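Student: I've got a model open and would like to talk through it with you. Can we start with the vocabulary and then work through the chain?

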Amino acid sequence: TIMFRILLATLLITFTRVIAAQGTRQVIRASSKIVDIRDGDHFKRGYWYIMPEKNPDYYFVEIPEKPHRVTFITDVDSISFEMEYGMEVDFIILLNGKDSCHTRISAKYRNLHPLTRKKNTSISDTLSFVLGGNDKIYLKGIVNGSHPLDIQFDLGAGGPVINKSSVEKVNMALDEIITLQNSDGINQVPSASKNILEIGNLIWDSVRIAVADNMTHREDLILGNSMFKNKIMEIDYDKKILVVHHALPTIGKSYSQHNLILDGAIPFVEGNLTFRGKTQKGWMLFDTGAYTSILNSEDVSATNKMLGEARKMIGLGNEWSAPKLNIGSYALMGFNYSTQKMKGDGIQLLLGNDLLKRFNLVLDNRNGFIYLKPNSLTNNTFSNPEYYVVRIALGLLILLIGTLVYFKMRKKKR
C-alpha cells in the first residue's frame with residue numbers, strides 16, 4: 001500500500017541518516033558500561049561509566065597543554081587519539097550493539113578559575129608563607145573583603161573549602177548544597193557559589209567555596225592546585241616563598257625533572273617503594289596538607305615501625321624492616337609514616353610534608369613535570385613518635401618483670 005511504502009521510505013531515510021552520522025565518527029563496541037582510560041601516563045581502571053542519555057558525554061584530559069595520547073578501553077574494544085591543546089574529538093561507543101553513546105574528548109581546561117592581577121609588572125607573583133609546626137604551608141588572604149585569613153596551601157586538596165568556624169569571619173552567601181569528599185568521607189555540605197578571593201597580587205572572582213567541619217583552628221581556608229591548573233607553581237622552603245609563574249621559568253641544573261600526572265588537580269610523581277626486598281613502582285601523591293606520609297597497610301604492616309624501632313634499640317638495625325623510597329636518584333629512608341588500607345593498582349602511597357619539605361620544587365601543571373632540588377632541610381632528622389613509645393613500653397615491661405621477680409623472691413623467703 002501507499003502508506004506502507006511511505007513508512008518504509010521514512011525508516012530508510014532515518015536509518016541512512018544514523019549511519020551517515022556515525023560514519024563521520026569512529027565507533028567502538030562495548031558490552032559493559034565500565035570503561036578504562038589511559039590518559040598519557042595515567043591508567044585509570046574503571047574510571048568511565050557509559051551513559052547513553054548524555055549527548056555528548058565529555059571527558060576532559062588531565063594535562064590539556066601537553067600533547068599526549070588518550071585511549072578508551074572497553075571490555076571488547078579500544079580507541080586512541082593523539083590530543084593537542086584545544087582539540088576536541090568525538091566518537092561513539094556502541095553498547096550491546098544498539099545504544100549509541102556519543103563521547104567527546106576535550107583537551108581544554110575544565111572549570112578554570114578566572115584569575116586577574118592587581119599589577120601586571122612581571123611574569124610571576126611571589127607569596128610569602130609560614131611553615132607551621134605541623135609542617136603545613138600557610139598564606140594570608142582575603143575573602144569577600146574580609147580581614148586577613150589564614151590559608152593553608154594543600155596540594156592534596158580539591159576545590160577551596162572554608163572552616164565551619166570561620167564562616168562568620170567572611171561575608172558569604174551559602175546558596176547551595178554540594179558533595180564534598182575529604183578525610184571525613186563523602187558528605188553533603190553547604191557552599192557559597194560566588195566569592196572573591198585575594199592573595200597578594202592575585203584575585204579570583206566567582207569562586208565556589210564549600211564549608212568543611214574537619215579543619216583545625218590553625219586554618220580558615222584550604223586552597224589546592226585546582227586554582228592554578230594553568231600555572232607553574234614553585235615552592236621554596238629555604239626562602240619560605242610560593243611563586244606563581246605565568247610562564248615556565250628557567251629551571252636550574254640543580255633541579256631534577258620527574259614525570260607528573262594530575263588526578264583532577266592533585267599531583268602524583270613516579271617512584272619506587274622497597275620493603276623487605278620487594279620493590280614496587282607506581283605513582284605517589286604529593287600532599288603538602290598531610291603531616292606524615294601514609295603507606296598502604298597491605299604493603300607495610302601497622303606494627304612494622306614498632307618492630308623496627310625495637311630492633312634499632314637492641315642494636316640489630318632496621319634496614320630490612322624500614323621502607324625505602326626512591327624518586328629518581330633520591331633515596332629516602334627512616335621517614336615517619338602511618339598505614340591504612342588503600343584500594344587501587346600498584347603501590348598506593350601518600351607523601352606528607354614532613355618528607356616533601358626537604359625539597360624545593362617547581363610544579364609544571366602545563367607540561368606535566370615536577371622539578372625537585374634538595375634544600376637546607378634535607379638532612380634534618382625525621383620525627384619518630386615510635387622512638388619514645390617503644391622505650392616507654394620496654395621500660396614498663398622491665399618494671400613489670402622486676403616487680404614480679406621481687407614478689408616471687410619475697411614469697412620464697414617466707
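Tutor: Sure, and keep in mind that this is a predicted model. One term first: buried means under 20% relative accessible area, exposed means over 50%, and partly exposed is what lies in between.

Student: With those cut-offs, is E198 buried, exposed or partly exposed?
Tutor: The cut-offs to check are 20% and 50%. E198 has a relative accessible area of 22%, so the label is partly exposed.

Student: Which residue does E198 meet in a salt bridge?
Tutor: E198 sits in strand 17 (residues 197–199). Its partner is in the loop between strand 9 (115–117) and strand 10 (124–128), 80 residues apart from E198. That partner is partly exposed too, at 47% relative accessibility. The N to O distance is 3.4 Å, and the residue is K118.

Student: How far apart in sequence are R366 and E65?
Tutor: Their side chains meet in a salt bridge, 3.8 Å from N to O. R366 is in the loop between strand 31 (359–364) and strand 32 (369–374), while E65 is in the loop between strand 4 (57–60) and strand 5 (68–73). So this pair links distant parts of the chain, and E65 is partly exposed at 25%. The separation is 301 residues.

Student: What about D220 and K169: which of the two counts as buried?
Tutor: They form a salt bridge with the closest N and O atoms 2.7 Å apart. D220 is in the loop between strand 19 (209–212) and strand 20 (221–223), and K169 is in the loop between strand 14 (161–163) and strand 15 (176–182). K169 has a relative accessible area of 47%, so K169 is partly exposed. At 6% relative accessibility, the buried one is D220.

Student: How many salt bridges are there by this rule?
Tutor: The rule asks for a side-chain nitrogen of Lys or Arg within 4 Å of a carboxyl oxygen of Asp or Glu. Some of these link up: R25, D90 and R104 make a network. By this rule the count is 15.

Student: On to the sheets. What is the strand order in the open sheet of four strands?
Tutor: Start at the edges, which are strand 3 (42–49) and strand 6 (78–83), each pairing on one side only. Strand 2 (residues 34–39) and strand 5 run antiparallel and are joined by four bridges, with R38 standing opposite T71. The twist averages 20 degrees from one strand to the next. Read across, the order is 3-2-5-6.

Student: Why is strand 22 (residues 241–245) largely enclosed by the rest of the structure, and how many of its residues are buried?
Tutor: In a regular strand the side chains alternate between the two faces of the sheet. In strand 22, I241, V243 and H245 are on one side and L242 and V244 on the other, and both faces are covered. Strand 22 is largely enclosed because the buried residues number five of the five.

Student: Which residue of strand 22 stands opposite I232?
Tutor: Strand 22 has antiparallel pairings with strand 10 and with strand 21 (residues 232–236), each through five bridges. On the strand 10 side, D125 stands opposite V244. On the strand 21 side, I232 faces H245.

Student: Which residue in the hairpin of strand 21 and strand 22 takes a positive phi?
Tutor: Most residues other than glycine have a negative phi, and most peptide bonds are trans. This hairpin has four residues between the strands, and the phi in question is near 60 degrees. The residue is K240.

Student: D135 has a positive phi as well; what is its value?
Tutor: D135 lies in the loop between strand 11 (130–131) and strand 12 (137–143). With a relative accessible area of 7%, D135 is buried. D135 is not a glycine, yet its phi is about 65 degrees.

Student: Which two residues does a cis peptide bond join?
Tutor: Look in the loop between strand 3 and strand 4, where P56 is placed. Omega is about 0 degrees there, and the bond joins N55 and P56.

Student: Last one: which residues form the nonpolar patch on the surface?
Tutor: One member, M409, is in helix 4 (residues 385–413). At 48% relative accessibility, M409 counts as partly exposed. Together the members have about 270 Å² of accessible area, and they are I401, V405 and M409.

Methods:
Residues are numbered from 1 along each chain as its sequence is written. This is a predicted model: local features need pLDDT of at least 70, side-chain atom pairs count only at pLDDT 80 or more; totals for chains, interfaces and linings use all residues. Side-chain values use heavy atoms; hydrogens and water are left out. Patches are made of residues with over 30% relative accessible area and no salt bridge: like charges are joined within 9 Å, nonpolar side chains (Val, Leu, Ile, Met, Phe, Trp, Tyr) within 5 Å. Accessible areas come from the Shrake-Rupley method with a 1.4 Å probe; for residues, only the protein chains shown count as cover. Helices (H or I, at least four residues) and strands (E, at least two) are DSSP runs, numbered from the N terminus. Buried means under 20% relative accessible area, exposed over 50%, partly exposed in between (1.4 Å probe, protein chains only). Two strands pair if DSSP finds at least two bridges between them. Axes are lines fitted to C-alpha atoms, for helices over the stretch in contact, and angles run from 0 to 180 degrees between N-to-C directions.
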